[in-house]
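Here is a quick walk through one protein, written to be read alongside the sequence and the model. Keep both open and follow the residue numbers as they come up.

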Amino acid sequence: MSVGRRAERGAASVAGSERGGVSERGPASEHGLASENGSASVLVVGIAGALVGLTAGGVAVAGAFVAAQRAAGAADTAALAAADVASGAVPGYPCTQAASIAEANGASLVSCDLDGLVVTVTASVPYLGLSAEARARAGPPGSG
């Protein structure tokens, strides 16, 4: 290669850099930073990941709320059924009836206390390795 051609090639490179800052390596930055191509993709992936994480957290919280409501419903119905048995309106044993009703509602009976005609029960519903518990009390009017 002759000296004349090297000079022409060098002049073309300088001329290319003067025309909008585009060289053979890509667009040049005024501040000397590397190209920002693809940075929007990284941002979109980050935002999508955050949204997935927030959604998963929201689903877990909503599921815990549902489990707590199921436990409360099971405890309420179990206490009412046990109070009916304690009052003599229904034959059987109060805590046995409470356990049966709690299981029919998808819960397990944790405790059952009988104080005269007043029954206090605690029901539990499992959720994600934990348990949601609720307590209910039932008896005749004015008993408590």
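## Strand 4, mostly under cover

Strand 4 is mostly covered, with eight of its 10 residues buried. Bear in mind that this is a predicted model.

S124 is a good place to look, since S124 sits in strand 4. Is S124 buried or exposed? S124 counts as buried because its relative accessible area is 8%, under the 20% cut-off. Setting aside neighbours within four places in sequence, S124 is in contact with A107, S108, V110, S131, A132 and E133.

## The overall layout

Stepping back, the protein has three helices and five strands. Going along the sequence, the order is α-β-β-α-α-β-β-β.

How much of the protein is buried? Buried residues account for 22% of the 144 residues. The protein exposes about 9,900 Å², and carbon and sulfur atoms supply 60% of that area. As for contacts between residues at least 6 apart in sequence, 40% of them join residues at least 24 apart.

## Strand 3 meets strand 4

Now for the pairing on one side. Strand 3 covers residues 108-115 and strand 4 covers residues 118-127, and the two pair in the antiparallel sense over seven bridges. To get the register, find C112, which stands opposite V121 in strand 4. D113 likewise has T120 of strand 4 opposite.

The two strands make a hairpin with two residues between them. In that turn, G116 has a positive phi of about 70°.

S108 belongs to strand 3. S108 is partly exposed because its relative accessible area, 37%, falls between the 20% and 50% cut-offs. S108 and A123 are 15 residues apart in sequence, yet their C-alpha atoms are 5.6 Å apart in space. Leaving out neighbours within four places in sequence, S108 is in contact with A102, T122, A123 and S124.

## Strand 4 meets strand 5

How many bridges join strand 4 to strand 5? There are nine, and these strands run antiparallel. Two opposite pairs help fix the register: A123 stands opposite A134 in strand 5, and V125 stands opposite A132 in strand 5.

This hairpin has two residues between its strands, and L128 takes a positive phi near 50° there. L128 is not a glycine, which makes that phi worth a look. L128 lies in the loop between strand 4 and strand 5. L128 is exposed because its relative accessible area of 63% is over the 50% cut-off.

## The nonpolar core

The largest nonpolar core holds 21 residues. Which of them touch the most other members? They are A75, A98, V119 and V121. Helix 2 (39-87), helix 3 (94-104), strand 4 and strand 5 (130-138) each supply at least two residues of the core. Helix 2 gives the largest share, nine residues.

A75 shows how the core links up with the strands described above. Not counting residues up to four places away in sequence, A75 touches V121, A123, A134, R135 and A136. Two of these have already come up as an opposite pair, A123 and A134. V121, for its part, is the residue of strand 4 that C112 stands opposite.

## A nonpolar patch on the surface

In soluble globular proteins, nonpolar side chains tend to be buried together. The next group sits elsewhere: L43, I47, L51 and L54 form a nonpolar patch on the surface. Together these residues have about 430 Å² of accessible area.

Take L54 as an example, whose place is in helix 2. L54 is exposed because its relative accessible area of 64% is over the 50% cut-off. Helix 2 thus has L54 out on the surface and also supplies nine residues to the largest nonpolar core.

Key:
Residues numbered from 1 in each chain as written. Predicted model: local features only at pLDDT ≥ 70, side-chain atom pairs only at ≥ 80, totals over all residues. Heavy atoms only, no water. Pairing = 2+ DSSP bridges. Helix = DSSP H or I, 4+ residues; strand = E, 2+ residues; numbered from the N terminus. Core = buried A, V, L, I, M, F, W, Y, C linked by side-chain atoms within 4.5 Å. Buried < 20%, exposed > 50% of the residue type's maximum accessible area, 1.4 Å probe, protein only. Contact = heavy atoms within 4.5 Å. Patch = residues over 30% accessible without salt bridge, like charges linked within 9 Å, V, L, I, M, F, W, Y side chains within 5 Å. Areas by Shrake-Rupley, 256 points an atom, 1.4 Å probe, with all protein chains shown as cover. Salt bridge = Lys/Arg side-chain N within 4 Å of Asp/Glu carboxyl O.
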